[in-house]
Structure formats: structure tokens, C-alpha cells
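Visitor: Could you take me through one part of this protein up close? I'd like to hear how a single helix sits among its surroundings, and then what lies around it.

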Amino acid sequence: MHLSGLHILIIDDDAERRAELHRCCRFLELECHVFDFVTWLQQGKGIELGGMVGVLLGESSLPISLDKLIADFDSHGRILPKMLVCDWHELSPERFAQAGILGRLAPPFTYSEMLDLLHRCYVFGGAVPGEEVAGLDELVGQSASIREVKRLIVQVAPRDINVMITGESGTGKEVVARCLHQQSERCGGPFVPVNCGAIPGELLESELFGHEKGAFTGAISSRAGRFELARGGTLFLDEIGDMPLPMQVKLLRVLQERTFERVGGTRTIDADVRVIAATHKNLEAMIEAGTFREDLYYRLNVFPIEMPPLRERLDDLPLLVSALVERLKAQGVGSYRFHPSAMESLLRHSWAGNVRELANLLERLAIIYPGGVVGVSELPPKFRHLEEPDPSRYEALEGAQAAGGVPAAGAPALSAGGGDVVLPEQGIELKAFLEKLEQSLINQALERCGNVVARAADELGIRRTTLVEKMRKYGIARQ
């Protein structure tokens, strides 16, 4: 039996008390499942206990072990909140917390006591009854803050209301937006992202609402906007805090009336989309400063979700590293492993760029050390927060290099001979080798120059615009 709504289980052999508990729970608009112990043992196994708010346990006329009952209740992946409505002498009060028993409820059962019981069950059980929803694999992590984000996604995804996702840059706000779309009834429709900060203000209206032919200079044909492209699905407005004030007014009108017209057009088009917005800015401070409309804020911020920065959920770092390295492996970039000391060093990093900074680092290491093991000394300097635990192994390597030209870890498998580079006997793929070497040198230059592109270009002896093009080619983002 699948459960929806708020459900509570009552098991008691005292028929009068059972009926009274049932009346109280129904008054609180709870869905009740009421059994005596014989009926429960015979028929109760078909109930999905994972969807229960809690259990009220009364008196049993059977020689039944409360420990056995508790074990059955808690075999569904979580400790189910329980409340006794009579004494069970075999269980001491010291064991109540371990068994998920919140206390004893004594008659008469008043409204305030039952409401307090319901609240205690909610707090103990994690605030939301219901089964774990699949499909949130993209949102990697098991920390309390990420579990809370997942809980909020499960709560709001089926409801067609606007959501505002806040958090620092690089925390994964678009990942949350995609999870909301995938868990919603609009999952069969398109997911259309728009970065409001990346589009010039004078072009944003056309980008969102489309335009008709001849609407402005350069409009040589009609074009559908993002609202039309997202019809039946989700429109994700990233960096909404960068939207100019005149455009905020037009967006507010669309959210209020659920209709719009293309630029230069007169035909009214229905806005059949769910809007999810995101920002790393403090919109409330922007409202005070007069740079963001308060009425638009409240239209968008119907259901807020805040993404925590990576430094506040470092318990998730090993899981994130594993997931991102597997993703790189699936993309054919390369796979590798971290030495425990290197992982400990990463755990001490401040992660100002959050998950995006981590992803960039892992991709860079995959290119430099494909199939290898990354230790502290293989990490870029700014990620080394520990001393190399075994420097002697590198001293031995340097000695071997001096004696026979052994290549350093991650270096090209080429050796020097008579002042020239010697081609290995097995040969190489020259284009891929040169690209990998070029990308490694660019990363090193950026690292050395604190990610100042102009200075890195000087280090490499090329023009700044050339370096920007190469960074775009290799997908190297500024930190």
C-alpha cells in the first residue's frame, strides 16, 4: 500500500482507547491505520511504514516482545518515531531514545498534547514523512545540509510554484534546478537555462520573449524566445540578480499575467512554464539599494532553497571527488586515485570556488596524471596544505632521473638525447601530446600568476587574447 499525506499507525488491544486515539488523530486530519495486535501481525505487513509520521503503541494481550516489534518497525531504513500509550515494563526508560520511543502519552488525549506529539514525531523523523525519492543522484552528498536540500526538493518538486535557489558561485545551483525539473510533473518538457548575467541588457528581452521579423535592426527573421522554448517545462533564470531594472518590470508582468508578446509582435502567447531562479547575490540588500524590485523578489521567492558552500560540508568531499572522477572517466578524460595524504590536504582547503573549483582541479589532474595516483606533491601549490609525508621517494626519483633520464610523474614519456627530444620506440600521437602539454603549461602559468590572465600570457610569451581563446578551447575557467 502506497501512502501519501500524513499517516500514523495505532496498535492497541484496548478497543475503547484505540477508538479514542483514532478520533483524536482524525481531528488532527491524520490518516490513521488502526489495528489490534492480532490483526496487525496478520495483516499489517502490507503497510508502507516508510511513509508513517509515527506509531502509537498500546497494550498487548499477546506474549509479544516489544524489542521484536521495534525491530520490525525500524527495518525500513529509518528509526520510526514511537509513543507508548501504556506501560511496557520490559523496556526501561533508558532505552527509549535508542528505540525511537519519544515517551508515554497518558489519557485524556487533548488536542494540544496530540499536536505536540505530532511535532515531536516530525522533528525526530526528519520533518517530512515519505519514501526516499530516486533521481537525485546528481546532487552528491550525505551531509546534513545536503540531505536538507534533497528534502526540500522532494517537497516542492511536484508543486508547480516558483523556486529561488541561493548560494555562492559554484555550489551547484543549476544541479538543484535540474533535479527539481526531473522530479516535477513537467519532467517530460524541456529544461531551458538562461544566464541573465551573460546576456547584455538590451538583448535580454528578445532572448526571453523572442522577436518578430523587423522588430529591430538585425531582426531578419522571427525568433522564439526562451519562454516559448520552455513551454510545458522549466525555465531556469540563473543570476537573476544581474537582470536590469527595466527587464525586471517586464518579467514581473509575465509572472503575474502568465502571458507575453514577442518584441515587435501583438499576438499574446501563454507562458506555460515553471520558473526557477538562482542568484549568488543578496537580493534583500539589493532591494534596499533600489537595484532589485521587491515585488519581483516575492514573486520568485515563493519557495527558497539555499545551497551550502563546500567548506561547510567537507564530509561530502570524498563522495564528490569519487563522483566527479567517475564522470571524467566516462567522458574519456582519464581516471586516477588520490593518496590519503592528498585527500587530507584537499579537506583543509578553503574552496572559495566551491564544487566548480573542485571539478576544475580534478579535470586538470586527470589530464596531467591519467591512470596515476596523486599525492600531496602532485597537487598544485595552492592545494598543498600538508607537508609531503615521504619526501625520500622524490629524492630517489631525482637521483634516477639524474642517472638515466627517468621522466617525472605526469611528464611526457619523452627523453633528451644530444640536446634533442627523442621519440619513444612505441611512438606518440603528436597532436594529443602537444595539446596536453599546452594545457598543462597554461594551467601552471595561471596558477603561478594567481589566475591573472594578462600576467599568465606574459609568462607564456603570447597575447592575452590568444590565451583567452586557448582557455576557451580547453575549457579552462578562471578561478
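Guide: Here's a walk along one helix, then over to a neighbouring helix and its salt bridges. Keep in mind that this is a predicted model. The mean pLDDT of the protein chain is 82, with 82% of its residues at 70 or more. Two stretches call for caution: pLDDT stays under 50 over residues 127-133, and over residues 405-420 it is below 50 as well. Where pLDDT is low, the predicted coordinates should not be read in detail.

Let's start with α10, which runs over residues 245-257. With 13 residues at 1.5 Å each, α10 should span 18 Å, and its end C-alpha atoms are 19 Å apart, so expectation and model agree. Now look at which of its residues are tucked away: Met247, Gln248, Leu251, Leu252, Val254 and Leu255 are buried. They cover an arc of only 160 degrees around the axis, so they sit on the same side of α10. The general rule behind that sort of pattern is that an α-helix has 3.6 residues a turn, so residues three or four places apart point the same way.

What do the buried residues of α10 pack against? The list includes the helices α8 (201-209), α9 (226-229) and α12 (294-300), along with the strands β10 (234-238), β11 (259-260) and β13 (274-279). Just after α10 comes arginine 258, whose phi is positive, near 60 degrees.

From that list, let's step across to α8, which is where you'll find serine 206. Serine 206 has a relative accessible area of 10%, so it counts as buried. Setting aside neighbours within four places in sequence, serine 206 is in contact with His211, Phe216, Arg223, Gly225 and Val263.

One of those contacts, Arg223, also takes part in a salt bridge: its side chain meets that of glutamate 207, at 3.5 Å from N to O. Glutamate 207 lies in α8 and arginine 223 in strand β9 (residues 223-224), so the pair ties together parts that are 16 residues apart in sequence. As for accessibility, glutamate 207 is buried at 14%, whereas arginine 223 is partly exposed at 34%.

That salt bridge has company, since the structure holds 24 of them. Among them is a pair with a longer reach: glutamate 168 and arginine 311 meet at 2.4 Å, N to O, and they are 143 residues apart.

Conventions. Residues numbered from 1 in each chain as written. Predicted model: local features only at pLDDT ≥ 70, side-chain atom pairs only at ≥ 80, totals over all residues. Heavy atoms only, no water. Helix = DSSP H or I, 4+ residues; strand = E, 2+ residues; numbered from the N terminus. Expected span 1.5 Å × (residues − 1). Buried < 20%, exposed > 50% of the residue type's maximum accessible area, 1.4 Å probe, protein only. Arc of directions from axis to C-beta. Contact = heavy atoms within 4.5 Å. pLDDT = per-residue confidence, 0-100. Salt bridge = Lys/Arg side-chain N within 4 Å of Asp/Glu carboxyl O.
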